[in-house]
Structures are given as C-alpha cells and as structure tokens.
Amino acid sequence: MKYVCLVYLVEEEMSAMTKREADACTDESLAYDEALRKAGHLVAAHALQPVEAATTVRVRNGKLSTTDGPFAETKEQLGGFVLIEARDLNDAIQVAAKIPLARRGSIEVRPIKKLVR
Amino acid sequence: MKFMFMIYHDEKTLEALSEGEMQTLVDSALDYDDEIRRSGHYIVSNALQRARTARTIRVRGGKATTTDGPFAETKGQLGGFFLIEAKDMDEACAVAARFPPARLGIIEVRPVRELQHS
C-alpha cells in the first residue's frame with residue numbers, strides 16, 4: 001500500500017541554520033532517500049521551495065484566479081514529501097519516524113486513495 | 001522544472017456529493033491524468049484518503065510520538081497531489097487550472113527544490 005509522508009517544518013528555523021548544519025541535514029535526507037530506495041520503500045521524494053514561492057490557483061465559473069503564497073497559513077510549513085510503499089500503517093510510521101527531519105519538524109502520514117473509473 | 005500541486009478542498013463539500021456526481025469527478029480527474037501524461041507534464045500523482053486517517057509523527061530526544069489526525073487543521077483539507085514538469089510557474093499554473101476538481105477546491109502550486117549532496 002502507498003502512503004505519503006508530508007514533512008512540516010518551521011521555515012524560519014531551517015533558514016537560521018548555518019551552511020554546515022543545512023548541508024549535513026541535506027546529506028542525511030538524501031542518504032535516507034537512498035536507503036528507502038534500496039529497501040524498496042521509495043516511490044518518490046522531493047523537497048519544496050519555501051512557501052513564498054507558492055501560487056494558489058482557483059477556478060470558479062470557468063474563471064481562473066491566482067494569488068501569491070500558500071493556501072494554508074500554518075505555524076509549520078510543508079517542506080517536502082516522501083511517497084512510500086509500506087505493508088501497513090505501522091510499517092509506514094516506522095519509515096516516517098526515521099526521516100531525519102522528523103527530529104526537527106512533524107511528519108504527517110496518510111494512506112493513498114486509489115481512484116477507480 | 002518540477003512543480004508540486006497540492007489539492008485542497010473542503011471534505012464536507014465532497015461528502016455532500018451524490019455517488020454519481022462523485023464518480024463523474026473521479027472520472028474527470030483520471031482523464032486529466034491521461035491528458036497531462038500525453039502532454040509530457042506528468043510525473044506522479046495520488047489522491048489521499050480523508051484527513052482523519054492521518055497520523056502525525058514527531059521525534060524528539062530519540063523518542064517518537066504519534067498523534068491521530070493531520071498535522072495542520074485547515075479550512076480545506078489536502079486531498080491529493082501531483083508532481084509535474086513545466087517550463088516555469090506560469091505554465092505550471094495553466095496546467096493546474098485545467099484540473100477539473102479545481103472548480104470545487106483550490107490548488108497550491110509550488111516549485112520543487114533539488115537537493116544536492118554537499
């Protein structure tokens with residue numbers, strides 16, 4: 001079964017890190033992606049640019065409107081995701097707890113819904 | 001360049017749809033998947049189960065704590081996501097606007113950050 005691990009972080013804390021700390025954090029994250037790939041858990045993983053790079057799109061009565069910034073103003077911001085294949089929710093939680101950024105932020109784990117025609 | 005679409009909608013709006021209306025929405029979402037696959041934009045996409053099925057995990061001092069429910073309580077709930085390839089933000093937003101369920105919710109479009117080993 002597929003699960004998405006949504007990584008929420010306080011962007012200000014992340015940007016306050018020294019280059020060395022940020023590099024170590026990136027290296028550790030990439031190493032974990034690699035470990036998940038080898039273990040057959042990894043489907044896709046990506047970091048996101050900060051929320052100020054977001055654009056929010058809405059379509060109402062066929063009319064498109066866009067606004068700058070993220071949809072949800074939250075204390076912590078979505079900083080990336082890891083899409084995994086896991087046996088069940090407990091297995092997915094085990095995987096999520098080892099995401100290096102779980103020590104700095106929060107990881108939301110949610111099962112994927114298969115859409116069927 | 002890679003972009004992520006985060007689809008937010010009010011789950012109550014979706015739950016109020018009849019079975020037929022819901023199936024029409026699902027079919028239109030799957031048609032859209034096919035369409036952006038053909039146009040070369042598609043990388044991966046997934047719908048998510050309801051926010052109440054989520055668990056949130058934190059690790060502090062080597063100890064993991066798990067709580068039920070999503071991390072963020074928002075007016076709209078994250079219902080799915082797409083990862084796409086587009087030339088720039090304008091093209092990404094134009095692709096996002098074609099997603100049929102955008103009529104019911106909103107789509108946050110965010111560029112991906114490529115991580116590189118130091």
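A residue is called buried here when its relative accessible area is under 20%. The model on display is predicted, and the tour below moves through it by selection.

**Stop 1: His9(B)**

Select His9(B), which is found in strand E1 of chain B, residues 2–9. Its relative accessibility is 15%, and therefore His9(B) counts as buried. Display its surroundings next: leaving aside residues up to four places away in sequence, His9(B) touches Leu14(B), Gly76(B), Gln77(B), Gly79(B) and Gly105(B). For a sense of scale, add Val59(B), which stands 50 residues from His9(B) along the chain; the two C-alpha atoms are separated by 29 Å.

**Stop 2: chain A as a whole**

Now colour chain A by secondary structure. Three helices and six strands should appear, and along the sequence they follow the pattern β-α-α-β-β-β-β-α-β. The C-alpha trace of chain A spans about 45 × 45 × 20 Å along its principal axes. Of the 117 residues in chain A, 50% are buried. Among contacts in chain A with a separation of 6 or more, 75% come from residues 24 or more positions apart.

**Stop 3: helix H3 of chain A**

Select residues 89–97 of chain A, which form helix H3. At the start of H3(A), a side-chain oxygen of Asp88(A) comes to within 3.2 Å of the backbone nitrogen of Asn90(A). The buried residues of H3 in chain A are Leu89(A), Asp91(A), Ala92(A), Ile93(A), Val95(A) and Ala96(A). What covers them? From chain A, the cover includes strand E1 (2–9), helix H2 (19–38), strand E5 (77–85) and strand E6 (106–113). Chain B takes part as well, with strand E3 (55–60) and strand E4 (63–68).

**Stop 4: the nonpolar cores**

Show the side chains of Cys5(A), Ile84(A), Ile107(A) and Val109(A), the residues with the most contacts inside the largest nonpolar core, which has 24 residues. Two or more residues each are given to this core by E1, H2, E5, H3 and E6 of chain A and by E3 of chain B. The helix of the previous stop, H3(A), gives the most, with five residues.

Centre the view on Ile84(A). Apart from residues up to four places away in sequence, Ile84(A) touches Met1(A), Lys2(A), Tyr3(A), Cys5(A), Leu36(A), His41(A), Val43(A), Ala92(A) and Val95(A). There is also a second, separate core of 21 residues, which includes Val57(A), Ala29(B), Phe99(B) and Val109(B).

**Stop 5: aromatic pairs**

How many aromatic pairs are there over all chains? The count comes to seven. Begin with Phe81(A) and Phe81(B): their ring centres are 5.2 Å apart and their planes meet at 50 degrees, so the pair is tilted. Phe81(A) lies in strand E5 of chain A and Phe81(B) in strand E5 of chain B, so this pair joins two chains. Both residues, Phe81(A) and Phe81(B), are buried.

Move on to Phe5(B) and Phe82(B), another tilted pair, with 6.1 Å centre to centre and 55 degrees between the planes. Because Phe5(B) lies in strand E1 of chain B and Phe82(B) in strand E5 of chain B, the pair ties together parts that are 77 residues apart in sequence. Phe5(B) and Phe82(B) are buried. Extend the selection to Tyr32(B) and Phe99(B), which ring pairs link with Phe5(B) and Phe82(B) into a cluster. Then turn to Tyr42(B), where the charged end of Arg37(B) sits over the ring, 4.1 Å from its centre.

**Stop 6: the interface between the chains**

Finally, select the residues of each chain that contact the other. In chain B there are 59 such residues, in contact with 55 residues of chain A. Together the two chains bury about 5100 Å² between them, 64% of it on carbon and sulfur atoms. Which residues of chain B lose the most area to chain A? They are Ile57(B), Phe71(B) and Arg110(B), which together account for 14% of what the chain B side buries.

Notes. Residues are numbered from 1 along each chain as its sequence is written. Chains are lettered from A and ligands numbered from 1 in the order in which they are written. This is a predicted model: local features need pLDDT of at least 70, side-chain atom pairs count only at pLDDT 80 or more; totals for chains, interfaces and linings use all residues. Side-chain values use heavy atoms; hydrogens and water are left out. Buried means under 20% relative accessible area, exposed over 50%, partly exposed in between (1.4 Å probe, protein chains only). Helices (H or I, at least four residues) and strands (E, at least two) are DSSP runs, numbered from the N terminus. Contact means heavy atoms within 4.5 Å. A polar contact is a pair of N or O atoms within 3.5 Å; within protein, one must be able to donate a hydrogen and the other to accept it, and residues adjacent in sequence count only if both atoms are side-chain atoms. A nonpolar core is a set of buried Ala, Val, Leu, Ile, Met, Phe, Trp, Tyr and Cys residues joined through side-chain atoms within 4.5 Å. Rings of Phe, Tyr and Trp (its six-membered ring) pair if their centres lie within 6.5 Å; planes under 30 degrees apart count as stacked, over 60 as edge-to-face and the rest as tilted. A charge sits over a ring if NZ of Lys or CZ of Arg is within 6 Å of the ring centre and within 35 degrees of the ring normal. Buried area is the accessible area (1.4 Å probe) that two parts lose on being put together, summed over both.
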